[in-house]
Amino acid sequence: MKIFSLFRGAVSEREFREVFQTRVDFHFQRMVDNLCQRRLITKGSDNTYTTHPLIKGYFESIFDKKEKKLTHKAIYEYFGKIAKDKPETLEEMQPLFEQVHHGCSARLYDEVWKDVYRDKIGGYPCGYKLQHKLGAWETDLSLARTFFPDGNLSQMPQVSEKSDQGWLLNEAGLALLSTGRPKEAEEPLKTAIGLYVEDKELAYASAGYQNLANLQFRVGRLKEADESAKKAHDVAEKAGSEKNIRNSKAYLAWILHLAGKDEEAEKGFQQADELQRKISGDRFYSITGVFYADFLLSIKQIDEAFELTKANLEICQRNNFVNSISRCHRCLAAIERLKGNQKEAKAHLQQALEIARKVGMPYLEIEALLELSRLWLDMKKYKEAISQANQVLKLCERTGFLLYEPEAELILARAYLSQGNLQEAKPLAQSSYEKAKTMGYYWPQKEAERIFKK
């Protein structure tokens with residue numbers, strides 16, 4: 001029963017053979033039947049066995065610490081035998097998830113980090129499969145926590161190398177940001193940057209500053225985001241990392257655009273796009289490609305935005321970058337809406353929203369809902385536009401992604417104004433203006449001012 005208590009899920013007869021019977025070799029089946037009769041374990045229709053959580057907790061609590069650690073190691077090795085080397089789905093990754101849990105419980109942190117988490121689940125050797133190809137950020141966060149004492153992300157992860165500690169902190173921060181918890185994400189992201197700088201891992205430090213800028217602009221702290229993007233560029237230059245020079249230029253250009261500095265933003269995007277062509281021969285793709293396309297739409301270069309986003313979507317689909325596929329569909333929806341193709345715009349938004357909700361990334365959902373609200377406005381479906389904009393405000397309140405509040409309130413103001421309801425429209429426009437001005441977010445301010453001064 002003590003061995004049974006360490007398994008997180010149902011126990012199969014294969015586990016009985018390969019884990020239990022190597023330690024318990026007397027009348028094993030008779031013992032199992034006896035435990036079932038005494039209702040300490042229950043046999044299911046699929047020939048697996050489970051136990052009540054209270055029973056599990058009791059037997060785990062009386063386990064000798066040394067013996068418990070050795071048993072976790074044995075279970076870790078068992079799941080390693082049955083795990084696929086190159087899993088493609090979450091179901092195929094399940095034995096690897098169990099390996100992480102049992103390996104860390106056996107205090108094999110460095111081995112588990114390198115051989116399992118990094119190489120097979122969510123690190124660079126496997127193409128960040130869990131995060132970018134499966135979009136399983138909540139699972140990623142749960143796995144990252146396993147390396148921290150009691151799952152506490154304010155402490156240091158229990159791996160030996162500083163660079164590995166930085167990676168796990170950065171990953172935890174990214175997962176928190178992606179699942180809508182930016183306040184919790186900031187500390188691990190900053191700690192990771194500090195470790196990278198201290199260890200002179202400047203390329204990684206640049207990526208960390210980019211992640212921090214990503215967080216800061218989404219919560220409406222544009223001045224801080226600008227500073228982080230500049231630091232990302234500076235350390236990328238010192239590291240001689242073309243990839244991070246390119247990405248940091250794109251982040252800086254995007255934040256300059258949000259602040260209304262479009263001449264500087266355009267220059268930055270063009271430089272970054274030229275560097276991208278030099279590196280791979282492609283145009284910008286993934287999140288930075290969407291930043292550039294959104295910028296091009298804002299300056300009415302619709303055809304160029306379409307060509308860029310079409311190429312971006314092809315690259316993301318080829319590599320199964322599921323999060324950026326959602327972004328591309330949202331961007332294509334905006335392009336089709338501006339062209340007057342409402343049916344096509346709606347189809348793209350359905351795909352964008354479906355992916356955003358499936359992967360559980362609130363800011364992707366927020367961006368798609370805002371675009372859907374704009375589409376409803378263009379179609380004069382004001383009730384629907386108001387409903388979607390209010391949904392955005394609820395998501396902003398829950399997550400802290402405050403950048404999007406002025407846009408949502410401006411959409412509400414426009415919807416009410418279009419219905420001749422100036423009494424509802426003016427306070428919303430006033431609120432949008434004040435929030436955007438406080439953030440340094442330029443674009444909502446002009447239209448909001450026009451409405452509330454009526």
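Lys-339 lies over the face of Phe-306, 4.4 Å from the ring centre. That is one of the ring contacts worth a look in this predicted model, and a second charge, the end of Arg-218, sits over the ring of Tyr-363 at 3.7 Å from its centre. Aromatic rings also meet one another here, with 20 aromatic pairs counted.

**A tilted tryptophan pair**
- Trp-113 and Trp-167 have ring centres 4.8 Å apart and planes at 45°, so this pair is tilted.
- The two residues come from distant parts of the chain, 54 residues apart: Trp-113 belongs to helix 7 (residues 109-122) and Trp-167 to helix 10 (residues 162-178).
- Both Trp-113 and Trp-167 are buried.

**A stacked pair**
- For Phe-269 and Tyr-292 the ring centres are 4.9 Å apart and the planes meet at 10°; because planes under 30 degrees apart count as stacked, this pair is stacked.
- Phe-269 is in helix 15 (residues 262-280) and Tyr-292 in helix 16 (residues 286-298), so their contact ties together parts that are 23 residues apart in sequence.
- Phe-269 has 0% relative accessibility and therefore counts as buried.
- Tyr-292 is buried too, with a relative accessible area of 4%.

**An aromatic cluster**
- If you would like a group of rings to explore, one aromatic cluster is formed by Phe-4, Phe-7, Phe-16, Phe-20, Tyr-49, Tyr-78 and Phe-79.

How values were computed. Residues are numbered from 1 along each chain as its sequence is written. This is a predicted model: local features need pLDDT of at least 70, side-chain atom pairs count only at pLDDT 80 or more; totals for chains, interfaces and linings use all residues. Side-chain values use heavy atoms; hydrogens and water are left out. Rings of Phe, Tyr and Trp (its six-membered ring) pair if their centres lie within 6.5 Å; planes under 30 degrees apart count as stacked, over 60 as edge-to-face and the rest as tilted. Helices (H or I, at least four residues) and strands (E, at least two) are DSSP runs, numbered from the N terminus. Buried means under 20% relative accessible area, exposed over 50%, partly exposed in between (1.4 Å probe, protein chains only). A charge sits over a ring if NZ of Lys or CZ of Arg is within 6 Å of the ring centre and within 35 degrees of the ring normal.
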